[in-house]
Structure formats: C-alpha cells, structure tokens
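Please examine the sequence and the structure shown below. The paragraphs that follow lead through a sheet, the helices that lie across it, and a few ring contacts.

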Amino acid sequence: MRRGGRLQPLHMAGWLFADMLLVLALVAMGDQGDPGAADKRPAASSSAAAGKKSRHTGPRAVVRTPVEVAVDAPAGDDEDIVRALRGATARYRGRQAAFVLTFGRHTDPGAGGRYAHEVNALLEKARPDMFRAATTRDFWKGGASPGHADIEIYFYTY
C-alpha cells in the first residue's frame, strides 16, 4: 500500500466513498417525519377548518393502519352505493384519504372486481373532500354476498 512512505490515492478513494455513503444514509434517515406524532395531535376543530392556518410541522405521512368500512348496495345502483358510502364514512369526515383498497365480494372474480371498481368510481361523488386525488385499487374477495364491498382506507396523518 505504501510506496515510498505515502498512501496511494486509489486506496483512499474507497474509504472516502464508504464514509460519504454512510453520511448520506444518516441524513436521509434523519429527514423522515414522525407519523406517530401526527396521530397524537388533537383533531381539527371547526374553527381551524373555517380558515385558520394549521400549525403542522414536518411532512405529511400516511397512517399505517387502515380504517375498514363495508358497503352493502346492489351493483348498478349508483344512488344506493353513494348513500352507503356516505353512511360508512360519516365518522371520518374532515380527513383525506391517501389510497383506498376495495374488495368486491362475489363468487365470480370478474363480477367481484367490477363491483369494487364501481364502488371506487363513486368514492369522490360520495365524499369529494375525503377522496379527491386518492389512489384506488380494485380487488375481488370470494364470498356469496354480491353487492357487498369491504373497503380499507389509508388516511393522511393530517
């Protein structure tokens, strides 16, 4: 390694690269928000919703635990599906969904997936503020109860 009492630059480059990668990893880990801290904040009051700026600090994250709701309405009946969605999500008013997984129940996978797609297509009509720009996915869940969907909603922390 030493030639004439000096270190070779090529050998030092490897150590320098490893040290810089370690620093970069530490900076990236330290830049992450704390989604648990956002969950412990008090719920937004009506005065905050009326126009006061919120005092949230840090990046908004997604709550890891989904809220699970169910919808029972006949396929093809948009009015009933919207009414069922409004009822199922009423207690979560004021929150915004990041992504939604919908599982349509049916004995036939195609029909179950189509029902899940139909429900997801009506989410924004049922609650525009809650589901605007939310990512949705349609799934089939086996079962003998057509016209039923199990929905997992992953909300933003604030």
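A suitable place to begin is a single point in the sheet: Arg-105 stands opposite Lys-141 in S5. The model to which these residues belong is a predicted one. The strand S4 covers residues 97–106, and it pairs with S5 in the parallel sense over eight bridges.

These two strands belong to a wider arrangement. Four strands, in the order S3-S6-S4-S5, form an open sheet with mixed pairing. Strand S3 (67–72) and strand S5 (135–142) each have a single partner strand and stand at the edges, so one side of each is left without a neighbour in the sheet. On average, neighbouring strands of this sheet are turned by 20° against each other, direction ignored.

Two helices can now be placed against the sheet. Helix H4, formed by residues 78–89, lies across S3 and strand S6 (148–155). Relative to S3, helix H4 runs at about 150°. Helix H5, residues 109–121, lies across S3, S4, S5 and S6, and its direction is at about 150° to S5.

The next topic is the aromatic rings. How many aromatic pairs does the structure hold? There are three aromatic pairs. One of them is formed by Tyr-92 and Phe-155; the pair is tilted, with 5.9 Å from centre to centre and 35° between the planes. Tyr-92 is in the loop between H4 and S4, whereas Phe-155 is in strand S6, and the pair thereby links distant parts of the chain, 63 residues apart. Both Tyr-92 and Phe-155 are buried.

Another pair consists of Phe-99 and Tyr-154. Why is this pair stacked? The ring centres of Phe-99 and Tyr-154 are 4.5 Å apart and their planes are at 15°; planes under 30 degrees apart count as stacked. Because Phe-99 lies in strand S4 and Tyr-154 in strand S6, this pair ties together parts that are 55 residues apart in sequence.

Is Tyr-154 buried or exposed? Tyr-154 has a relative accessible area of 14%, and buried means under 20%, so Tyr-154 is buried. Phe-99, at 32% relative accessibility, counts as partly exposed, because that class lies between 20% and 50%.

A final contact involves a charge and a ring. The charged end of Arg-60 sits over the ring of Tyr-156, at 3.6 Å from the centre of that ring.

Conventions: Residues are numbered from 1 along each chain as its sequence is written. This is a predicted model: local features need pLDDT of at least 70, side-chain atom pairs count only at pLDDT 80 or more; totals for chains, interfaces and linings use all residues. Side-chain values use heavy atoms; hydrogens and water are left out. Two strands pair if DSSP finds at least two bridges between them. Axes are lines fitted to C-alpha atoms, for helices over the stretch in contact, and angles run from 0 to 180 degrees between N-to-C directions. Contact means heavy atoms within 4.5 Å. Rings of Phe, Tyr and Trp (its six-membered ring) pair if their centres lie within 6.5 Å; planes under 30 degrees apart count as stacked, over 60 as edge-to-face and the rest as tilted. Buried means under 20% relative accessible area, exposed over 50%, partly exposed in between (1.4 Å probe, protein chains only). A charge sits over a ring if NZ of Lys or CZ of Arg is within 6 Å of the ring centre and within 35 degrees of the ring normal.
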